[in-house]
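This briefing is meant to be read alongside the sequence and the coordinates. Please keep both in view while going through the points.

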Amino acid sequence: MAGKSSSIAPTTYSPSPTLKVKKKQQQQQQPIFKDVDWVRPDGRSFQHCRPAFLRTGAVNSASGSAYAEFGNTKVIVSVFGPRESKKAMMFSDIGRLNCNVSYTTFASSIRGQGSEHKEFSSMLHKALEGAVMLESFPKTTVDVFALVLESGGSDLPVVISCASLALADAGIMMFDLVTSVSVSCLGTNLVIDPITEEESYQDGSLMITSMPSRNEVTQLTLSGDWSTPKIHEAMQLCLDACLKLGEIMRSCLREATSAPHE
Amino acid sequence: MEFVSPEGLRLDGRRPMEMRQIRGEVGAVSKADGSAIFEMGNTKVIAAVYGPREVQNRGQQMSDQALVRCEYSMANFSTGDRMRKPKGDRRSIEISLVIRQTMEACIMTHLMPRSQIDIFVQVLQADGGTRSACINAATLALADAGIPMRDLVTSCSAGYLNSTPLLDLNYIEDSAGGPDVTVGILSKLDKVTLLQMDAKLPMDIFENVMQLAVEGCKAIANYIREVLLENTKQLEHRRGI
Amino acid sequence: MGVTDVSGDMAGEMEVDAFRRLFPLRFYERHLSESIRPDARPLGKSRDTTVALGAVASADGSALAKIGHTTMLAAIKMEVMTPTSDSPDEGCIAIDFHMPAICSPLVRPGRPAEEAPVISKQLTDVILSFDGCWLFSSGMVNMKELCLIPGKAAWMAYLDIYCLDADGALFDAALLSAVAAFSHLHIPAVSLNDEGRVVSVSEEQVEGNSIKEPLNKGKRKLTLSSTPFALTCILHKKYILADPTAEEESIMETLVTVVLDVTGRLVSFYKPGGAFLAYTSAVQDCIALTRQRVKELQKILIDAIADMELD
Amino acid sequence: MVGLSVGEKHFIQGGIAQDLRSDGRKRLTYRPISVETGVLAQANGSARVKLGGTDVIASVKAELGRPNHLYPDKGKVSIYVDCSPTAAPMFEGRGGEELSAELSAALQRCLLGGRSGAGAGINLSALIVVEGKMCWDLYIDGLVVSSDGNLLDALGAAIKAALSNTGIPKVNVAVGASADEEPEVDISDEEFLQFDTSGVPVIVTLTKVGRHYIADATLEEESQMSSALSVSVDRHGHICGMMKRGGAGLDPSVILDMISVSKHVSDQLIAKLDSEISAAEVDEAES
């Protein structure tokens with residue numbers, strides 16, 4: 001029975017709708033996305049982020065942790081440390097930040113697709129590096145591990161925001177909370193906080209990671225074809241959203257501290 | 001398959017005893033202590049040498065001689081079919097070892113105790129004889145780095161197909177499955193440091209094939225010496241001597 | 001808290017927390033002698049347990065199970081495969097247990113935790129058990145129900161269980177989440193397209209009859225026979241501690257895991273090394289504790305299913 | 001990686017502040033670029049670009065594949081970069097993987113445009129052979145042979161040169177095949193299609209050292225950076241991709257200023273690169 005249970009996996013496929021159906025859908029959908037007044041699949045307006053649910057202390061065994069749910073995107077981040085570095089590192093008078101992002105096998109609609117995001121770990125590191133006061137934990141490492149439980153679009157921004165919340169929960173000193181928001185460009189429209197479906201049709205995307213109260217951008221990526229005024233507009237949109245998200249995160253932390261400890 | 005036509009020409013138009021065009025160039029990587037490009041026909045490799053320098057891993061330090069390390073890697077685009085394979089597969093490890101042992105034999109390691117010499121070879125294009133090309137490139141790079149050597153090591157391969165000994169096999173000839181002898185020699189000392197063969201071959205024919213490969217090595221050694229001399233002349237010229 | 005034993009005068013002046021860290025075993029033994037555990041539980045009591053079904057929207061069946069702090073997320077994805085030639089009318093279940101780096105300070109990315117493959121194997125054994133000795137406990141799921149077209153197509157159920165927070169009794173929580181995910185499983189409706197591939201059909205398409213009759217009408221739920229539940233106990237001296245936390249597991253060594261199905265039959269008994277088992281009566285006691293626990297868990301699961309159906 | 005003394009650091013920073021860098025350049029001047037095309041016989045297109053001490057090779061290989069069902073009228077392009085240990089001993093073994101992944105992701109973002117293919121430097125529709133059935137998959141591989149800073153710009157330039165060097169065999173599709181069957185094709189050995197590479201953007205990285213930013217930083221200068229912004233700009237001044245590197249935060253207004261500066265720099269870089277590429281192609285044709 002061993003062969004049947006797990007050891008040799010036979011080739012399987014997901015019974016997704018036929019190509020023909022897909023094609024039909026696509027022909028229907030793409031023009032809609034380009035229209036001026038199409039409605040987003042989840043009924044939001046273009047400048048509306050998904051409702052965010054944030055909670056700290058999701059994982060008891062970690063020094064700090066946070067759970068974030070933006071629509072269908074669900075993420076847990078645990079922070080461990082400051083603790084001894086895993087690798088034998090040279091002496092350093094500043095601490096090290098070690099980041100890792102992984103996906104569950106069921107995160108996306110097709111099983112096991114989450115492994116495509118190898119660069120997310122280094123992008124998470126870059127986004128947080130500027131905010132964390134590394135000199136406050138010399139010679140040691142703070143590990144930030146993120147697990148995307150479900151991927152529903154804008155995964156990396158959610159991971160980054162959630163990670164900074166987890167760092168705050170762990171009591172790691174930071175200059176400011178790091179918040180991140182992305183914008184998709186679909187035709188002439190700018191759509192904030194896109195879901196997976198919108199991301200797969202996007203013409204361009206902009207992700208900004210900022211420290212809202214310092215008005216500083218720690219990470220920024222942009223792809224697709226953009227004119228300068230459009231970049232202006234998208235950046236402003238993102239920065240405003242970052243500011244608001246920062247407020248939500250702050251109130252989440254405030255609630256966590258005011259709530260009576262178990 | 002016919003590898004030698006009745007007119008005595010090989011698939012790429014060479015005579016059986018003819019080597020492919022070789023080209024060597026010193027100083028391909030500006031940041032390295034020594035570097036070289038070596039081409040044998042379509043086979044093209046880059047070698048870079050770092051060192052002698054402080055030993056990175058203290059545990060490997062040797063008090064009486066230098067530590068020689070070598071890593072062989074193939075570029076994704078180096079073969080006809082594009083492939084992405086993880087680094088450190090068995091073949092790479094084996095070739096790294098062969099190159100390391102061959103170069104170790106000629107470097108005067110006892111002159112540089114407690115230090116480390118890194119040799120990195122990168123295959124840009126593979127068309128048979130990468131092993132030999134890597135050794136030749138490494139020799140040039142070591143010489144460029146000014147690392148004391150007993151002699152120049154050069155390498156060349158020879159095979160035996162259609163009852164004809166063939167010098168310097170290309171990829172098609174190499175993959176035909178016939179005997180393939182790779183030889184590395186110290187040309188001035190006339191010593192063989194590397195000899196690899198992986199097929200059956202009668203003793204008398206083997207001697208012929210090996211002799212052919214040794215001749216090839218000697219020709220390459222002459223060429224490498226010329227390249228180095230030319231390089232030295234240019235350096236002299238630049239210094240205005 | 002008075003400390004009276006030989007650990008010396010030093011211990012007498014120590015803070016409770018420091019004592020707990022320095023002399024964990026004695027800290028526990030002091031508690032145990034009072035028949036109470038540091039988290040205020042009686043010895044035989046399990047931690048609060050909750051089950052939430054349908055936690056993962058993108059999966060065909062999913063569940064989140066919590067026992068105390070230990071949290072497990074299980075999700076099942078159904079894919080189509082060609083059945084093997086020796087069992088053409090059976091589907092297949094692949095079970096994988098993951099311990100991502102977020103769950104515990106002991107796990108680092110890239111280096112899988114030691115326990116993970118062990119628990120994977122145990123889960124596979126229990127859920128798909130075809131053990132010779134237990135002729136009647138032939139698995140929770142009837143593999144024949146996973147067949148679509150004999151010899152041509154069958155379901156491959158990928159069950160992935162992620163440990164989100166590891167605080168002891170991992171196997172119990174993992175099994176609970178797996179069982180819950182199976183009871184939440186809703187097999188997608190599929191039909192055969194012109195190219196002979198199995199494709200999913202949506203409800204509207206079935207209504208509108210635009211596509212052929214679905215292959216698996218009326219076979220969208222699995223019948224679960226004899227669902228298994230587990231309880232892990234620690235045997236320490238004469239004490240039996242049910243449902244240990246991670247701290248307890250690390251301090252006291254002898255662990256016993258008992259798996260019973262709802263009818264009270266023993267499905268599996270697992271004792272990985274540790275100290276010798278002093279009394280057979282201890283085993284009996286463990287089984288008795290498990291029997292109680294199975295009733296609790298069964299109720300929790302039934303409530304969770306009822307809750308979901310209300311929604 | 002780069003061990004610099006305090007004095008050397010001050011020298012570099014001071015030079016940048018006074019608009020005279022250690023190698024004599026001004027802040028926004030590039031090092032001399034040399035381009036060599038057709039360096040790999042086995043690839044469909046290849047180029048080697050040297051930017052001062054930085055030396056990279058790019059190769060383009062084309063294979064027939066199936067288009068993505070979301071975009072049946074477009075071919076696929078993927079970019080991978082490898083850092084050879086010859087460039088630096090730290091890339092030995094798996095040491096170069098992190099940087100390779102970062103560079104690959106940055107290049108994909110900068111050159112391939114959005115998910116829908118809008119803003120891509122390469123006209124993806126030109127890669128289609130039979131709509132929905134067959135297309136060319138372009139595999140672009142970059143190799144860092146020697147590293148002296150500013151790898152991203154050099155790789156971008158090498159890919160641009162390699163693409164203009166690329167010839168894709170003409171494919172004749174057998175007519176009469178029904179819609180469901182795999183189309184039968186005949187790949188020509190003689191006729192090759194050239195790409196229009198005028199739309200391929202160049203990447204300009206501005207590195208911020210102190211209060212100023214510099215173009216084309218060397219390894220030493222990069223070790224002193226607080227942050228850097230890589231912008232890919234095409235011939236028409238459109239931004240096709242952008243990413244920030246380095247830890248320190250930047251004020252949004254500074255970012256906008258850096259974007260406009262990089263646009264200005266890109267004009268010169270595109271002109272310089274175009275003339276180098278055409279010179280290299282003439283060289284190749286002659287040899």
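The notes below go through a predicted model, grouped by chain, by interface and by individual residue.

Two of the chains carry a domain annotation from UniProt, in unreviewed entries, under the name "Exoribonuclease phosphorolytic": in chain A the record places this domain at residues 49-172 and 176-237, and in chain B at residues 18-148 and 151-216. The largest nonpolar core has 311 residues, and those with the most contacts inside it are A:Val144, A:Val159, B:Ala47 and B:Ala137.

**Chain A**

- The secondary structure of chain A consists of six helices and 10 strands, and buried residues account for 50% of its 262 residues.
- Of the contacts in chain A that link residues at least 6 apart in sequence, 68% join residues at least 24 apart.
- Within the annotated domain, the stretch of residues 176-237 of chain A is 26% helix and 50% strand, and its end C-alpha atoms are 20 Å apart.
- Helix 3 of chain A, which covers residues 120-129, is mostly covered, with seven of its 10 residues buried; these are A:Phe120, A:Ser121, A:Met123, A:Leu124, A:Lys126, A:Ala127 and A:Leu128.
- A:Val144, one of the residues with the most contacts inside the largest nonpolar core, touches A:Leu124 and A:Leu128, both of which are among the buried residues of helix 3 of chain A.
- Leaving aside residues up to four places away in sequence, the other residues that A:Val144 touches are A:Val77, A:Val79, A:Leu97, A:Asn98, A:Cys99, A:Ala163, A:Ala166 and A:Leu167.

**The contact between chains A and C**

- On this interface, 35 residues of chain A are in contact with 43 residues of chain C.
- The elements of chain A that give two or more residues to the side touching chain C are helix 1 (2-5), strand 1 (12-13), strand 4 (73-83), strand 5 (96-103) and strand 6 (141-150), and the largest share, four residues, comes from strand 6 of chain A.
- By class, the side of chain A that touches chain C is made up of 14 nonpolar, 17 polar and four charged residues.

**Chain B and B:Thr154**

- Over residues 151-216 of chain B, which form one part of the domain placed there by UniProt, the chain is 27% helix and 41% strand, and the end C-alpha atoms are 17 Å apart.
- B:Thr154 lies in strand 6 of chain B, at residues 153-161, and counts as buried because it has 26 C-beta neighbours inside 10 Å, where the cut-off for a buried residue is 20 or more.
- Apart from residues up to four places away in sequence, B:Thr154 touches B:Asn136, B:Thr139, B:Gly184, B:Ile185, B:Ser187, B:Cys217, B:Ile220, B:Ala221 and B:Ile224.
- B:Thr154 and B:Met19 are 135 residues apart in sequence, and their C-alpha atoms are 14 Å apart in space.

**The contact between chains B and D**

- Here 24 residues of chain B are in contact with 28 residues of chain D.
- Strand 3 (43-54), strand 4 (67-74) and strand 5 (115-125) of chain B each supply at least two residues of the side that touches chain D, and the largest share, five residues, comes from strand 5 of chain B.
- The residues of chain B on this side divide into nine nonpolar, nine polar and six charged.

**Chain D**

- Chain D has five helices and 12 strands, and 53% of its 287 residues count as buried.
- A compact globule of 287 residues would have a radius of gyration near 19 Å, and the 20 Å of chain D therefore agrees with that expectation.
- Taken along the principal axes, the C-alpha atoms of chain D fill a box of roughly 75 × 45 × 40 Å.
- Among contacts in chain D with a separation of 6 or more, 68% are accounted for by residues 24 or more positions apart.
- Helix 5 of chain D, at residues 252-286, has 35 residues and should span 51 Å at 1.5 Å a residue, which agrees with the 50 Å between its end C-alpha atoms.
- The buried residues of helix 5 of chain D include D:Met258, D:Ile259, D:Val265, D:Leu269, D:Leu273 and D:Ile277, as well as D:Ser262, D:Ser266 and D:Glu276.

**Helix 5 of chain C**

- With 15 residues (170-184), helix 5 of chain C should span 21 Å at 1.5 Å a residue, and its end C-alpha atoms are 21 Å apart, which agrees.
- Helix 5 of chain C is mostly covered, since 15 of its 15 residues are buried.

Note on methods:
Residues numbered from 1 in each chain as written. Chains lettered and ligands numbered in written order. Predicted model: local features only at pLDDT ≥ 70, side-chain atom pairs only at ≥ 80, totals over all residues. UniProt positions renumbered as here; feature names shortened; annotations may be inferred. Contact = placed C-beta atoms within 7 Å. Nonpolar A, V, L, I, M, F, W, Y, C, P; charged D, E, K, R; others polar. Expected span 1.5 Å × (residues − 1). Buried ≥ 20, exposed ≤ 12 C-beta atoms within 10 Å, placed from the backbone. Core = buried A, V, L, I, M, F, W, Y, C linked by C-beta atoms within 7 Å. Rg over C-alpha atoms; globule rule 2.2 N^0.38 Å.
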